[in-house]
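Dear colleague,

I am handing over a structure that may be new to you, and I would be grateful if you could look through it with the notes below beside you. The notes deal with aromatic rings and with the charged groups around them.

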Amino acid sequence: MQQRSLSLQFHLDLPLLFGLLLVTAVGLITLYSAANQQPDMVVRQVVRLVVAFGVMVAVAQISPEKLLRWSMPIYYLGIVLLLGVLIMGEMGKGAQRWLDLGVFRFQPSELLKLALPMMVAAWLHDKPLPPWPKQVAIAMAIIALPAALILKQPDLGTALLVAASGLSVLFFAGLGWRYIVSTVVMLIPTAIIFWHYAMLDYQRQRVLTLINPESDPLGSGYHIIQSTIAIGSGGLFGKGWLNGTQSHLEFLPERHTDFIFAVFSEEFGFMGIALLLLLYLLIIVRGLYIAMMAQTSYGRLLASGVVMTFFVYLFVNMGMVMGLLPVVGLPLPLMSYGGSSMVTLLAGFGILMSVHTHRNLLSRT
């Protein structure tokens, strides 16, 4: 009874919180192995997790009504910050994605992963659903602006993820199949133009490497080849914790960040993968349940967009690690080493908890 009152007092959804803690615990165990049993990296990740979960709890205290009022200012703030990155952003690894704030560096595109679905949901919340063509066109413009600015940095993976977060809100708004089919048809010539005039050489090489990684086994195909070897060598039950050869013999690159799923797969095998996917599935199902139970159009659309963004994170990371999608540099949710994406994801789950725990208050207003 006391536990229930505490969860209500702090606007926490216990099933969702339990699932998030389990996956992050698995992530820390895998990170310890990927970091060659060096505790420093694990300690730094624990500190980041404490901050990220603190942000989640803080966001959960904000009512959906306030989130609705703040959606437009936060979106415009994100656009201004993206323009600031293009004008005075800090360079790193050939990209211009960060703003140096003196104390720390900030990547504004992370803010858009939440600001965009908030804005699209706010745009649609007081309109008849499914949306009319004019409303869809305006929503597409809202989505295209930040995606184009992020693409200029260049950051293709984040641009696609941000666009997907906004499009998912449109999809859950009841977008008709004729719009979806028309969009898919329009994507074909758009992709051709994009390939020839917008993509950089290294981005085109990543796509070509996906088709035939053996064409450059020591260069662009190295990540995919080593990753698939690690996953396949895990077998049914894996080689055991701390016994992965591909990672511990330094064959697997970026093993503590984008390719941590390959480390996990090698050491825990197919059965471990199945259990991990089950945990992720429980989080997604709980998130969809929260979206379904939301009592306002804004809450339902926003919660659905957050869950779909989480799913796209999973799908793209696992797809690129298994060699099914191009390598675009996205972390595995709640497991990869890093702070920015962790804070963004858990802030999104804070929104889910807010939508769920404030629903009774909203029903009385």
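Ring pairs join Tyr280, Phe310 and Phe349 into a cluster; please keep in mind throughout that this is a predicted model.

Within that cluster, the ring centres of Tyr280 and Phe310 lie 5.9 Å apart with their planes at 55°, so this pair is tilted. The pair connects distant parts of the chain, since Tyr280 belongs to helix H12 (residues 260-293) and Phe310 to helix H13 (residues 297-321), with the two positions 30 residues apart in the numbering. Tyr280 has a relative accessible area of 1% and is therefore buried, and Phe310, at 2% relative accessibility, counts as buried too.

A search of the whole structure finds seven aromatic pairs. One of them is formed by Tyr75 and Tyr76, whose rings meet edge-to-face, at 5.6 Å centre to centre and with 65° between the planes. As for exposure, Tyr75 counts as buried because its relative accessibility is 3%, whereas Tyr76, at 45% relative accessibility, counts as partly exposed.

Charged groups also sit over aromatic rings in this model. The charged end of Arg48 is placed over the ring of Tyr337, at 4.6 Å from the ring centre, and the charged end of Lys127 is placed over the ring of Trp123, at 3.8 Å from the centre of that ring.

When you open the model, you might begin with Tyr280, Phe310 and Phe349, the residues of the cluster described above.

With kind regards

Conventions. Residues are numbered from 1 along each chain as its sequence is written. This is a predicted model: local features need pLDDT of at least 70, side-chain atom pairs count only at pLDDT 80 or more; totals for chains, interfaces and linings use all residues. Side-chain values use heavy atoms; hydrogens and water are left out. Rings of Phe, Tyr and Trp (its six-membered ring) pair if their centres lie within 6.5 Å; planes under 30 degrees apart count as stacked, over 60 as edge-to-face and the rest as tilted. Buried means under 20% relative accessible area, exposed over 50%, partly exposed in between (1.4 Å probe, protein chains only). Helices (H or I, at least four residues) and strands (E, at least two) are DSSP runs, numbered from the N terminus. A charge sits over a ring if NZ of Lys or CZ of Arg is within 6 Å of the ring centre and within 35 degrees of the ring normal.
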